[in-house]
Amino acid sequence: MSSIESDDFWSSLDGLMARAELVAQSFVWGLWNGITQVFAGEQDLGCVEWVTAGDDQVCEVCADNEGTYLANSPDLPEIPAHCNCRCELLIP
Ligand SMILES: [Zn+2]
């Protein structure tokens with residue numbers, strides 16, 4: 001994770017690169033988790049498990065989302081939950 005504060009994103013090349021990295025990470029995680037969710041649903045695997053990074057930087061929203069959901073359930077929270085979310089969906 002970058003140490004650049006969000007206010008610095010637009011004021012330097014390092015800030016822009018940190019922003020680009022953040023956007024790319026969010027995109028890749030979102031894509032990966034979407035594939036997992038669709039695969040689990042189409043293969044009738046039943047459930048997916050929301051897993052956080054499990055460290056002291058996990059936010060309250062992600063900690064509350066941790067658990068098992070039916071793959072096609074409307075109760076499954078949107079993932080990533082926020083920018084720089086490090087959570088992933090796993091097939092248990
Ligand atoms: Zn998260």
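Mentor: In this predicted model, a residue is called buried if 20 or more other C-beta atoms lie within 10 Å of its own, exposed if 12 or fewer do, and partly exposed in between.

Trainee: Why is asparagine 84 called partly exposed?

Mentor: Asparagine 84 has 17 other C-beta atoms within 10 Å, and because that value falls between the limits of 12 and 20, the residue counts as partly exposed. Its place is in the loop between E2 and E3.

Trainee: What makes aspartate 44 count as exposed?

Mentor: Aspartate 44, which sits in the loop between H1 and E1, has 8 C-beta neighbours inside 10 Å. The limit for exposed is 12 or fewer, so aspartate 44 meets it.

Trainee: What is notable about the phi angles of these two residues?

Mentor: Phi is near 50° for aspartate 44 and near 70° for asparagine 84, in each case a positive value in a residue other than glycine. Most residues other than glycine have a negative phi.

Trainee: What makes the peptide bond between isoleucine 79 and proline 80 worth a second look?

Mentor: That bond is cis, with omega about 5°, and proline 80 lies in the loop between E2 and E3. Most peptide bonds are trans.

Trainee: How do you know which elements the protein has, and in what order do they run?

Mentor: Runs of at least four residues count as helices and runs of at least two as strands, and on that basis the protein has two helices and three strands. From the N terminus on, these elements follow the order α-β-α-β-β.

Trainee: Why are E2 and E3 called edge strands?

Mentor: The three strands form an open sheet in the order E2-E1-E3, with antiparallel pairing. Strand E2 (67–70) and strand E3 (88–90) each have a single partner strand, so one side of each is left without a neighbour in the sheet. From one strand to the next, the twist averages 35°.

Trainee: How do you know that E1 pairs with E2 and with E3?

Mentor: Pairing requires at least two bridges; E1 and E2 have four, in the antiparallel sense, while three bridges join strand E1 (residues 47–51) to E3, also antiparallel, so each pair meets the requirement. On the E2 side, cysteine 47 has leucine 70 as its bridge partner; on the E3 side, tryptophan 50 stands opposite leucine 89 and glutamate 49 opposite leucine 90.

Trainee: What makes the two faces of E1 unlike in burial?

Mentor: Side chains alternate along E1: Val48 and Trp50 point to one face and are buried, whereas Cys47, Glu49 and Val51 point to the other and are not. Helix H1 (residues 13–42) lies across E1 and E3, at about 25° to E3.

Trainee: Why is a particular group of residues called a nonpolar core, and which residues belong to the largest one?

Mentor: The name applies to buried residues of certain nonpolar kinds that are joined through C-beta atoms within 7 Å. The largest such core has nine residues, namely Ala40, Val48, Trp50, Cys62, Ala71, Ile79, Cys85, Cys87 and Leu89. Nonpolar side chains in soluble globular proteins tend to be buried together. Of the 92 residues of the protein, 13% count as buried.

Trainee: What is isoleucine 79 in contact with, apart from its neighbours within four places in sequence?

Mentor: Its contacts beyond those neighbours are Asn33, Trp50, Cys85, Cys87 and Leu89, which places the C-beta atom of each within 7 Å of that of isoleucine 79.

Methods
Residues are numbered from 1 along each chain as its sequence is written. This is a predicted model: local features need pLDDT of at least 70, side-chain atom pairs count only at pLDDT 80 or more; totals for chains, interfaces and linings use all residues. Two residues are in contact if their C-beta atoms, placed from the backbone, lie within 7 Å. Axes are lines fitted to C-alpha atoms, for helices over the stretch in contact, and angles run from 0 to 180 degrees between N-to-C directions.
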